[in-house]
Amino acid sequence: MNDISKQLNDFIEQTGLTGASIARSIGVSTGTVSLVKTGKTDQVSEDNLKKFADYMANYGQKSETTATTVATQDLKLAHFTIDEVMISGGMGTILGKAGTGKTEAVKAYAENHPEAVLIETIPSISLKSLLTKILEAQGDKSPVGNSEQLLMAVVENFKRSERVLLIDEAENLTTTNLEAVRRIHDFSNVPVVLIGTYSLLSNLRGRGGDLLQLYSRISEKYKMQGLNDTDRDLLFGDMGQHIKKFTQDIRRSCHIFRKAKRMSGMTNEVLSPMHIKMASNSVILD
């Protein structure tokens, strides 16, 4: 048995993944997976063999990264929402104020789910740039063509494998971009989750009903709730309740905690509520 076949068999044994799920994730047939598993790699193209190698390498790296992620209530429920959208094959949203951990939650999901295609938008992103980002996240190194050609390339890629499209900072999407996302979903049946601030929900409704077809497809919604006391204990230990006095925001809470630890380290003191207070006095809290 050759190296790639042994790697694949060991990988399946270690991860518990099925051949079918691997086939869907990398866009090959289950027959191709069987050929590699049984050592018949001379019947598999070099491109497909590279897909197996890249998938296994990336999956291992992502699993190691996720091991350090703290499973807050928001993270668990954001992941549950994505899973529900995948099960239904529909569309959904994850909403929250800036600093509530939306991006961290979806990145953690993508890190442990190779089937996830995650992109982040920027203000005033053009349709062509949006489609190019999606294609690059799908593994297309140098996408070319006009917007219609790029859109159809995105669709064809999604048709070949069971994946989920996650779009972060989705409040930046224009009406034209949102309509393109709907077409991608409709043409390929790829599940889609849009992540953004509360203005995203207003954008999805459109003006004068021009996005009604898109809005009617949104079946799942989760609003980030922020840190609860259990989360604070997991993140900050005994200092969690002291940080709570100054902010509920997860990003600022983490910033205060890290700053307080540095302050205590400067004087070789044990981290205490005094350091938390000192740190809070030197950060913006609202």
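Start by selecting T32 and, with it, V44, N48 and F52: leaving aside neighbours within four places in sequence, these three are the residues in contact with T32. Keep in mind as you click around that this is a predicted model. T32 itself sits in helix α3. Is T32 buried or exposed? Its relative accessible area is 13%, so T32 counts as buried, the cut-off being under 20%.

**Next stop: the loop after α3**

Colour α3 (30-37) and α4 (46-66), then look at the loop between these two helices, where you will find K40. Show the K40 side chain and turn on the surface. The relative accessible area of K40 is 42%, which means that this lysine is partly exposed. Now add S5 to your selection. How many residues separate K40 and S5 in sequence, and how far apart are they in space? They are 35 residues apart along the chain, while their C-alpha atoms are 8.4 Å apart.

**Over to the aromatic pair**

Searching the whole structure turns up one aromatic pair. To see it, select F236 and F257 and show both rings: their centres are 5.1 Å apart and their planes meet at 50°, so this pair is tilted. The angle matters for the label because planes under 30 degrees apart would count as stacked and those over 60 as edge-to-face.

Which helices hold the two rings? Colour helix α12 (residues 229-236) for F236 and helix α14 (residues 250-266) for F257; the pair therefore ties together parts that are 21 residues apart in sequence. If you switch on the surface here, expect F236 and F257 to be buried, both of them.

**Zoom out to the whole protein**

Return to a cartoon view of the full chain. You can count 15 helices and five strands. Turn the model along its principal axes, and the C-alpha atoms fill a box of roughly 65 × 60 × 30 Å.

With the surface on, about 14,700 Å² is exposed, and carbon and sulfur atoms supply 50% of that area. Of the 286 residues, 44% count as buried; T32 is one of the buried residues.

Next, colour the charged side chains. There are 34 positive and 34 negative ones, and the centres of the two sets lie 5 Å apart.

For a last view, show contacts between residues at least 6 apart in sequence. What share of them joins residues at least 24 apart? The figure is 67%.

Conventions. Residues numbered from 1 in each chain as written. Predicted model: local features only at pLDDT ≥ 70, side-chain atom pairs only at ≥ 80, totals over all residues. Heavy atoms only, no water. Helix = DSSP H or I, 4+ residues; strand = E, 2+ residues; numbered from the N terminus. Buried < 20%, exposed > 50% of the residue type's maximum accessible area, 1.4 Å probe, protein only. Phe/Tyr/Trp six-rings, centres within 6.5 Å; stacked < 30°, edge-to-face > 60°. Contact = heavy atoms within 4.5 Å. Areas by Shrake-Rupley, 256 points an atom, 1.4 Å probe, with all protein chains shown as cover. Lys, Arg positive; Asp, Glu negative; His and termini not counted. Charge placed at Lys NZ, Arg CZ, Asp CG, Glu CD.
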